[in-house]
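The following explanation leads through a single protein model, from its charged pairs to its interior and its aromatic rings. Please keep the sequence and the coordinates in view while reading.

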Amino acid sequence: MPVTCPNCGAAGQEAGKYCENCGFLIPEDAVDNAGAPSGAAPPPSTPDPSIGAGATMVGAQFAVVRNGHAKLDDGFTLARVGEFLVGRMDQESGNQVDVDLRQWVQPIDIQGQKQYLVHRKQCYLGLSADGRVTVRPCSGAEGDTLVRPLGQTTFTSLQNLGSVRPAGPDGSFEVQTGEQIFMGDPDAVMYYMSGDPTAQDNYLVIELINKS
């Protein structure tokens, strides 16, 4: 049953998924109350208590980066332990995602057809009980998801990130606070790095700004 986002009030959302309007992770047990925000849910920057009584509270906040700066009021929060699919919700193919990127990117015209340069299944972001944040590639998007490690001026694709840091047993890589993740056509990285706004609506850059 559709519910109202407890963070922004957007109607027609799905419990247990991220709000398509603001990116807030809606609790799985959320229910609507006459159209009012469902339940007494925490704000995006607050860890979700649904991980269980007595469990360690964890959270990972990602901010959208525009013009080289992280926008603290725009992005999403992983508020419970797990791994979450980041990509494009697509009703035609039935592709469901946990974080829908369409709110931050726009399709471009390619031979008369509107197409996105981010994938339906772009990557997986994970959060462990001890507060580790990870990124894991989706098949086919390994070269279109890039990370800029701390202290470096260039981005490295997930297919080559193993030369920078070790991968976990599941092929994931740990993400440190302050590191950025680029999603989209890797050729557009040069526009982002130079500050050229030409293609900024066709790709997305997020930065891990807080984890606990």
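Lys211 has a relative accessible area of 24% and is therefore classed as partly exposed. The model under discussion is a predicted one. Lys211 takes part in a salt bridge with Glu174, in which the closest N and O atoms are 3.9 Å apart. The two partners come from distant parts of the chain, Glu174 from strand β11 and Lys211 from strand β13, with their positions 37 residues apart. Glu174 is likewise partly exposed, because its relative accessible area is 26%. Arg132 joins Glu174 and Lys211 in a network of salt bridges.

In the whole structure, the search finds six salt bridges. Side chains of opposite charge can pair when their charged atoms come close. One of the bridges connects Arg165 with Glu179, whose closest N and O atoms are 2.6 Å apart. Here too distant parts of the chain are linked: Arg165 belongs to the loop between β10 and β11, Glu179 to the loop between β11 and β12, and they stand 14 residues apart. Arg165 has 17% relative accessibility, below the 20% limit for burial, so this residue counts as buried. Glu179 is also buried, at 1%. A further bridge joins Asp100 and Arg102, again with 2.6 Å separating the closest N and O atoms. Asp100 is buried at 7%, whereas Arg102, at 30%, is partly exposed.

The nonpolar interior comes next. In soluble globular proteins, nonpolar side chains tend to be buried together. The largest nonpolar core of this model comprises 29 residues, and Phe62, Leu78, Leu125, Val135 and Ile181 have the most contacts inside it. At least two core residues come from each of β1, β2, β3, β7, β8, β11, β12 and β13. Ile181 shows how such contacts span the chain: beyond its neighbours within four places in sequence, its contacts include Phe62, Leu125, Val135, Val175 and Ile206. A separate core of 10 residues has Val65, Leu146, Phe155 and Val189 among its members.

Which residues touch Thr145 in strand β9? Apart from neighbours within four places in sequence, Thr145 contacts Gln122, Cys123, Thr156, Ser157, Leu158, Ile181 and Phe182. Its side chain makes a polar contact of 2.8 Å with that of Gln122. Thr145 is buried, with a relative accessible area of 0%. Lys114 in strand β6 offers a contrast, being exposed at 62%. Pro107, Ile108 and Asp109 are what Lys114 touches once residues up to four places away are set aside.

Aromatic rings complete the picture, with six aromatic pairs found in the whole structure. Phe62 and Phe76 are stacked, at 5.4 Å centre to centre and 25 degrees between the planes. This pair bridges strands β1 and β2 across 14 residues of sequence. Phe62 is buried at 2%, and Phe76 is buried at 3%. Phe155 and Tyr192 instead meet edge-to-face, with 5.9 Å between centres and 70 degrees between planes. Phe155 lies in the loop between β9 and β10 and Tyr192 in helix α1, so their pairing ties together parts 37 residues apart in sequence. Phe155 is buried at 11%, and Tyr192 is buried at 10%. Ring pairs extend this arrangement into a cluster of Phe155, Phe182, Tyr192 and Tyr203. Elsewhere, Arg136 lies over the face of Tyr124, 4.4 Å from the ring centre.

Technical notes
Residues numbered from 1 in each chain as written. Predicted model: local features only at pLDDT ≥ 70, side-chain atom pairs only at ≥ 80, totals over all residues. Heavy atoms only, no water. Phe/Tyr/Trp six-rings, centres within 6.5 Å; stacked < 30°, edge-to-face > 60°. Helix = DSSP H or I, 4+ residues; strand = E, 2+ residues; numbered from the N terminus. Buried < 20%, exposed > 50% of the residue type's maximum accessible area, 1.4 Å probe, protein only. Lys NZ or Arg CZ within 6 Å of the ring centre and 35° of its normal. Contact = heavy atoms within 4.5 Å. Polar contact = N/O pair within 3.5 Å; in protein donor to acceptor, adjacent residues only side chain to side chain. Core = buried A, V, L, I, M, F, W, Y, C linked by side-chain atoms within 4.5 Å. Salt bridge = Lys/Arg side-chain N within 4 Å of Asp/Glu carboxyl O.
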